[in-house]
Amino acid sequence: MDIVPVDNKRYRYAYHRSSWLVAGKADPPLPARLYVHPDSPFSGEQLLKQMVSFEKVKLTNNELDQHGHIILNSMHKYQPRVHIIKKKEHTASLLNLKSEEFRTFIFTETVFTAVTAYQNQLITKLKIDSNPFAKGFRDSSRLTDIERFCFRCI
């Protein structure tokens with residue numbers, strides 16, 4: 001899997017319109033990284049019988065990341081792509097796509113805008129609660145009185 005820019009634009013969210021607007025030219029592209037599924041390789045039979053999840057993919061905006069996370073620019077639109085690679089040799093490298101036969105699948109409904117902060121506290125709470133890697137943000141002692149009240153209302 002990889003995640004590629006959709007266009008060469010930067011976006012901003014207009015709250016009064018509840019929509020994304022073009023805010024200028026995109027930042028320079030960041031290093032492209034390929035996420036290799038941790039359970040791969042799969043046989044064709046396995047792919048037909050089981051669901052393949054990409055829940056362990058980690059995204060960052062840190063250009064100096066040394067952990068292999070996929071690096072994205074905030075406020076830019078992206079498209080995830082899934083690559084299925086047919087191995088010619090059992091010993092061939094998974095990352096050498098030039099020597100392998102492969103197919104790329106794109107699901108247009110997965111286009112998203114990368115963001116690093118939310119203005120809406122309820123969205124922030126939803127994202128923290130849904131993200132298995134956000135455990136450090138779940139400390140209720142860090143919440144304001146308003147946040148504690150809003151979280152009880154959900």
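F42 counts as partly exposed, because its relative accessibility is 22% and a residue is called buried only under 20% and exposed only over 50%. The model in which this residue is seen is a predicted one. Along the chain, F42 belongs to the loop between β3 (19-25) and α1. Leaving aside residues up to four places away in sequence, F42 touches H37, L47, Q50 and V52. For one of these partners, V52, a distance can be stated: ten residues separate F42 and V52 in sequence, and their C-alpha atoms are 9.7 Å apart in space.

F42 also has a place beside an open space in the model. The residues closest to the centre of the second largest pocket are S40, F42, H83, I84 and I85, out of 21 residues that line this pocket. The space in the second largest pocket comes to about 540 Å³. Which elements contribute at least two residues each to the lining of the second largest pocket? They are α1 (44-49) and β6 (77-86). Of the lining of this pocket, β6 provides the largest share, with five residues. Sorted by class, the lining of the second largest pocket consists of 14 nonpolar, five polar and two charged residues.

The strand β6 deserves attention for its pairing as well. Strand β1 (residues 2-5) pairs with β6 in the antiparallel sense, over four bridges. Within that pairing, I3 stands opposite P80 in β6. Strand β7 (residues 101-106) is also an antiparallel partner of β6, here over six bridges. I85, one of the residues closest to the centre of the second largest pocket, stands opposite F102 in β7. A further antiparallel pairing joins β6 and β8 over two bridges, and the bridge partner of Y78 in β8 is F112. As a general point, the side chains of a regular strand alternate between the two faces of the sheet.

The strand β8 leads on to another pocket. Each of β2 (9-14), β4 (59-60), β8 (112-113) and α2 (121-130) supplies at least two residues of the lining of the largest pocket. What is the volume of space in the largest pocket? It is about 1,500 Å³. In general, empty space is revealed by rolling a probe the size of a water molecule over the atoms. The lining of the largest pocket is made up of 38 residues, and V115, T116, Y118, K127 and N131 lie nearest its centre. Which element gives the most to this lining? With five residues, α2 does. By class, the lining of the largest pocket has 22 nonpolar, twelve polar and four charged residues.

The whole chain can now be considered. Its elements are three helices and eight strands, and read along the sequence they follow the pattern β-β-β-α-β-β-β-β-β-α-α. Among the contacts in the chain with a separation of 6 or more, 56% are between residues 24 or more positions apart. The chain has 154 residues, and 21% of them are buried. The chain exposes about 11,600 Å², of which carbon and sulfur atoms supply 55%.

Definitions and conventions: Residues are numbered from 1 along each chain as its sequence is written. This is a predicted model: local features need pLDDT of at least 70, side-chain atom pairs count only at pLDDT 80 or more; totals for chains, interfaces and linings use all residues. Side-chain values use heavy atoms; hydrogens and water are left out. Buried means under 20% relative accessible area, exposed over 50%, partly exposed in between (1.4 Å probe, protein chains only). Contact means heavy atoms within 4.5 Å. Accessible areas come from the Shrake-Rupley method with a 1.4 Å probe; for residues, only the protein chains shown count as cover. On a 1 Å grid over the protein atoms alone, a cavity is a set of points where a 1.4 Å probe fits but cannot get out, and a pocket is an open set with protein on both sides within 12 Å along at least five of seven lines; lining residues have an atom within 4 Å of a point. Grid points are joined across faces, edges and corners, and a volume is the space filled by probe spheres set on the points. Ala, Val, Leu, Ile, Met, Phe, Trp, Tyr, Cys and Pro count as nonpolar, Asp, Glu, Lys and Arg as charged, and the others, Gly among them, as polar. Two strands pair if DSSP finds at least two bridges between them.
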